[in-house]
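Please open the model in your viewer and keep the selection tool at hand, since this tour goes from one selection to the next and says what is to be found at each stop.

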Amino acid sequence: MASCDSDLVVGTLCKRPKLEESGVRAQCSLRICSKLVDFSLDDRVEVQITLPEGTISTFLTKCVVRWSPSGEALFHHNCWTEVLKNARTRPKKKASVTDITAEEKVLIKEASKTAEFHDSCPTIRDKAVRVAGLIKKSRYCVVFTGAGISTSAGIGDFRGKNGKWTQLDQAATTSKLAESVIDPVPDSEGGGKGEEQDDGQGGVSYESLRPTYAHEVIAKLVEVGSVKHVISQNCDGLHRLSAVPEDKLSELHGNVFVEECVKCGRKYYRSFYVLEDHASQYYEELEDYGTTDLVKPRHALRCGLCGLSHRTGRWCEEASCKGSLKDSIVNFRDNLDETTLSTATEQAQRMDLCISLGSTMRVTPACELVEMGVEPMRLVIVNRQKTGLDEFCLKKHGGEQLGERVYGDCDVFLKEVMARLLTQEETVAWKQQLALKRATYDSQRTKP
């Protein structure tokens with residue numbers, strides 16, 4: 001669905017749209033609301049719940065929310081606020097949204113964990129003006145990125161309304177409702193089972209991914225010196241592909257295109273995905289089931305921390321070394337690379353402005369970096385979901401709000417910011433520069 005970015009093609013520069021005139025409207029999912037949600041002028045909220053398979057239509061028609069068959073719902077911001085407040089209201093208290101069943105209250109509370117907020121287009125525009133001003137005034141700006149800046153490239157996130165962890169959590173909760181909301185008719189008549197469903201992964205290989213508009217903006221701001229360093233939780237390699245220099249980038253969780261020698265430490269920057277997933281799957285199945293039909297690869301070596309194998313099956317090309325190569329990925333329970341974390345910490349301590357893009361900032365110690373810096377520290381968060389640091393953005397110093405909290409897509413917001421940082425001539429030159437860069441991307445990505 002189009003919105004502020006109705007003419008935005010990811011990875012390209014185009015004329016800034018007239019935000020208030022996109023004309024996209026949709027019905028609010030609160031049944032008692034008769035107003036359409038205007039994607040340009042209204043603050044809106046989107047949620048999704050995993051409905052038990054075979055959920056009966058009579059249950060859905062009695063809900064106060066018009067849940068789509070896929071469990072999605074769209075609200076005006078104030079309508080969602082009322083729905084959620086009343087779902088949490090105790091039975092004896094007066095509710096403004098009545099007749100919410102106990103079963104639907106469970107759904108609404110689960111859906112709240114997926115809530116994605118979108119500022120109206122005029123609000124996005126106003127906040128872009130202010131953030132552009134903060135960037136211009138900053139002496140040391142650092143950008144912190146999460147999975148949200150790569151979703152438009154085709155990679156899934158973790159805590160979005162369609163995120164990996166979100167779906168797993170919801171499946172566990174909504175399965176408990178099955179007995180009260182499942183249709184008793186056979187599957188052949190119910191129409192809800194047996195059909196193939198997209199797994200949400202999209203089947204996109206890492207080699208096929210290309211930098212998003214947000215990646216290109218970050219690379220440009222680093223190039224002109226407006227951003228001093230980029231700290232990323234992503235391992236997709238898109239910052240490096242977009243030409244952020246190695247000494248300006250701290251990839252806290254590694255890079256799927258980087259492997260290094262376990263003996264001499266030499267790093268190899270590949271054009272292909274370096275992980276050897278077969279070996280890790282071997283150890284995963286042993287841990288989960290106690291046995292496996294997979295044959296253990298000769299190079300496999302179980303990591304004592306994460307329990308997987310980091311060995312890639314390739315060898316160091318130094319004639320005097322010939323050590324085994326391992327991937328650079330930090331899995332669950334692995335420790336962060338000390339050198340990378342040390343550099344990121346040093347950079348974070350110098351910043352007076354941190355711009356966090358596409359991250360809920362829940363993973364430590366990475367999320368702790370955004371609060372470092374010299375006082376008065378300014379934090380800008382651009383993310384569709386709420387985070388634990390939202391109030392930090394709104395702190396005041398001398399009566400002035402220090403940072404900014406933006407609810408929306410990184411690509412869309414940064415497009416508005418760049419329109420206020422670059423002159424028309426600079427924008428044209430950047431467009432030409434991007435065309436030349438993109439022509440080289442395919443040659444930098446191959447499969448082994």
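A residue is called buried here when its relative accessible area is under 20%, and exposed when it is over 50%. With that in mind, and remembering that this is a predicted model, begin with strand β6, residues 141–145: five of its five residues are buried, so the strand is largely enclosed by the rest of the structure. Colouring the strand by face shows how this comes about, with Cys 141, Val 143 and Thr 145 buried on one side and Val 142 and Phe 144 buried on the other, which leaves both faces of β6 covered. In a regular strand the side chains alternate between the two faces of the sheet.

**The parallel sheet around β6**

Next, extend the selection to the strands that pair with β6. Towards β13 the pairing is parallel and runs over five bridges, and in that pairing Phe 144 stands opposite Ser 356 of β13. Towards strand β7, residues 229–232, the pairing is again parallel, with four bridges, and the bridge partner of Phe 144 in β7 is Ile 231.

Now select the whole open sheet, whose six strands follow the order β8-β7-β6-β13-β14-β17 with parallel pairing. Its edges are formed by β8 (249–251) and β17 (404–406), each of which pairs on one side only. Disregarding direction, neighbouring strands in this sheet are turned by 15° against each other on average. Before leaving the sheet, look at strand β13 (residues 353–357) beside strand β14 (residues 378–382), which pair in the parallel sense over five bridges; here Ile 355 stands opposite Val 380 in β14.

**The loop between β13 and β14**

Follow the chain out of β13 and inspect the backbone of the loop with some care. Most residues other than glycine have a negative phi, and most peptide bonds are trans. Met 361, which lies in the loop between β13 and β14, has a positive phi of about 55° although it is not a glycine. With a relative accessibility of 7%, Met 361 counts as buried.

Move on to the bond from Thr 364 to Pro 365, which is a cis peptide bond with omega near 0°; Pro 365 is likewise placed in the loop between β13 and β14. Then select Glu 375 and Pro 376, which are also joined by a cis peptide bond, with omega about 0°, and note that Pro 376 has its place in the loop between β13 and β14.

**The antiparallel sheet**

For the next stop, select the open sheet of four strands in the order β10-β9-β12-β11, where the pairing is antiparallel. At its edges stand β10 (267–269) and β11 (311–315), each with a single partner strand, so one side of each is left without a neighbour in the sheet. The average turn between neighbouring strands of this sheet is 35°, direction ignored. Zoom in on strand β9, residues 258–261, which is joined to β10 by three bridges in the antiparallel sense; the bridge partner of Glu 259 in β10 is Tyr 268.

From β12 (324–327), go along the loop that leads to α11 (338–350), where Arg 333 is found. Arg 333 has a positive phi of about 85° although it is not a glycine, and at 56% relative accessibility it counts as exposed.

**Two helix pairs**

Two packed helices are described by the angle between their axes and the distance between the axes. Select helix α4 (residues 121–137) together with helix α13 (residues 410–421): they pack at an angle of about 55°, with their axes 8 Å apart. The two helices are therefore oblique to each other, and α4 passes α13 in a right-handed crossing. Show side chains for the contact, among them Ile 124, Ala 128, Val 131 and Ile 135 of α4 and Phe 413, Val 417 and Leu 421 of α13. The residues of this contact divide into nine nonpolar, no polar and five charged.

Finally, select helix α8 (residues 213–223) with helix α14 (residues 424–441), whose axes come within 12 Å and cross at roughly 115°. α8 and α14 are therefore roughly perpendicular to each other, and α8 passes α14 in a right-handed crossing. The contact includes Tyr 213, Val 217 and Lys 220 of α8 and Trp 430, Leu 434 and Tyr 441 of α14, and its residues divide into six nonpolar, one polar and five charged.

Notes
Residues numbered from 1 in each chain as written. Predicted model: local features only at pLDDT ≥ 70, side-chain atom pairs only at ≥ 80, totals over all residues. Heavy atoms only, no water. Axes fitted to C-alpha atoms, helices over the stretch in contact; angles between N-to-C directions. Parallel < 35°, antiparallel > 145°, perpendicular 65-115°, else oblique. Left-handed = near helix turned anticlockwise from the far one by under 90°. Contact = heavy atoms within 4.5 Å. Nonpolar A, V, L, I, M, F, W, Y, C, P; charged D, E, K, R; others polar. Pairing = 2+ DSSP bridges. Buried < 20%, exposed > 50% of the residue type's maximum accessible area, 1.4 Å probe, protein only.
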